[in-house]
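Student: I'd like a close look at just one part of this model. Could you pick a helix, show me how it sits, and then step out to its surroundings?

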Amino acid sequence: MKILANTGRECVEHIFEGGVSAWDIGASVGQGGRNDRDDVRTIQRLLNLIGPQDGGPVIALDEDGWIGPKTNKAILDFQRFQRTGSDGRVDPHGPTLKRMNEIPKHRMKAQNAALLAKVVTAMPDLNQMSLKARRTIEGAIDYVRLGEGLFTSKRNYELADLYFDFSKLSDSETLSELGLIRTTLRRAYAALQVPPIPLTGSNPAGISIFTIDPLGKNYYAYVPRTETKKNKRSPGSDPAYIYVCQKMSKPVMDKFTHILMHELFHFIDDETFLYIRDHCYREKIFNLTHKQRMRNADNYAVFTSHVHFGRERLLKSQPKLRPHIPVHLH
């Protein structure tokens, strides 16, 4: 995986932003199906995105993942309208699912446009988060080297130590680890500067590494890992993009920005430098060892959020962090 997204690759998002989906299920849904909850939720979401004029339900289904008479009826009504069957069941790779994906979905187009607009709104904060966090780390390096003085600040070191815990390290080891964090933050900032290339079909909103999830996953956002063999990767997913899912319409703006930053640290990780994982999230990040913190995406994301937004604003969107962040680190 390249550190920076290759915007010269064939672009996939224009297909999905136009309202056509490529969602899949693992097993049959409907009458006589296995009806795994995630699969049922996928079909319910697909049906709700299809207008009644194309065979979708007149009254929207509850997207709860539970199969019942309303969902079964909606599947059968769609099949009869589109002439893809009459068994009331949606099979993986079957004609009913294929047709559900093919039908243009005006509601999806509007949702995708709104999500991308939200990403555009978050971009200035994302840039400042990575930039301010890098400067804080550079200040911490100066403090370890020179001690507190006229041109150094203990606060920079305390902020870095809060999230990465250097308590059991020597000064030389601390400086080495701070250097790794600084390099990671440089990568994050550089990735955000990648310009769009309109001639290749890149995002018209001016953001080249974020795109809409084409697979209907029930996540907030995700980055395909480069270690996954290409023939095992979900069709339509590419590690050159951070995929933003429909679930991202729910978080408040600061939490939305935090999640994008979290995924950005996965995105820039080439899986040889630090191999940034998801050991845990939110308040649990403070229970990790130093080694785990150095490789945990949310330690970086909460650190950058804290440095940019400040303590009180961070706690408004993530109140469970309050007991762990000292008041003086405002």
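Tutor: Sure, let's start with one helix, follow it to its neighbor, and then visit a few other spots. First, the ground rules: this is a predicted model, so to speak of a local feature we need pLDDT of at least 70, and side-chain atom pairs count only at pLDDT 80 or more, while totals for chains, interfaces and linings use all residues. Residues are numbered from 1 along each chain as its sequence is written, and side-chain values use heavy atoms, with hydrogens and water left out.

The chain has 11 helices and 5 strands; these are DSSP runs numbered from the N terminus, with helices being H or I over at least four residues and strands E over at least two. Our pick is α10, residues 297-309. The helix has 13 residues and reaches 18 Å from its first C-alpha to its last, close to the 18 Å expected at 1.5 Å a residue (the expected span is 1.5 Å times one less than the number of residues). How well covered is α10? Mostly: 13 of its 13 residues are buried, where buried means under 20% relative accessible area, exposed over 50%, and partly exposed in between, using a 1.4 Å probe and protein chains only. Just after α10 comes Gly310, with a positive phi of about 90°.

Now for the neighbor. Helix α5 (residues 106-146) packs with α10 at an angle of about 95°, and their axes are 8 Å apart. Those axes are lines fitted to C-alpha atoms, for helices over the stretch in contact, and angles run from 0 to 180 degrees between N-to-C directions. So α5 is roughly perpendicular to α10; that label covers 65 to 115 degrees, with under 35 roughly parallel, over 145 roughly antiparallel and the rest oblique. On the α5 side, the residues that meet α10 include Met129, Lys132 and Ile137, and on the α10 side they include Phe303, His308 and Phe309 (contact means heavy atoms within 4.5 Å). By class, this contact has 7 nonpolar, 5 polar and 2 charged residues. Ala, Val, Leu, Ile, Met, Phe, Trp, Tyr, Cys and Pro count as nonpolar, Asp, Glu, Lys and Arg as charged, and the others, Gly among them, as polar.

Stepping away from that pair, look at Thr174 in helix α7 (residues 171-192). Thr174 is buried, at 3% relative accessibility. Not counting residues up to four places away in sequence, Thr174 touches Val144, Tyr157, Phe166 and Leu169. Ala140 is 34 residues from Thr174 in sequence, and their C-alpha atoms are 9.7 Å apart.

In the loop between α4 (95-102) and α5 you'll find Pro104, which is partly exposed at 48%. Pro104 and Ile50 are 54 residues apart in sequence, with 7.8 Å from C-alpha to C-alpha.

One last backbone stop. Most residues other than glycine have a negative phi. Arg83 has a positive one, near 60°, in the loop between α3 (69-82) and β2 (89-90), and Arg83 is exposed at 79%. Arg282 also has a positive phi, about 50°, and lies in the loop between α8 (253-268) and α9 (290-293); Arg282 is partly exposed at 37%.

Finally, the whole chain: of its 330 residues, 53% count as buried.
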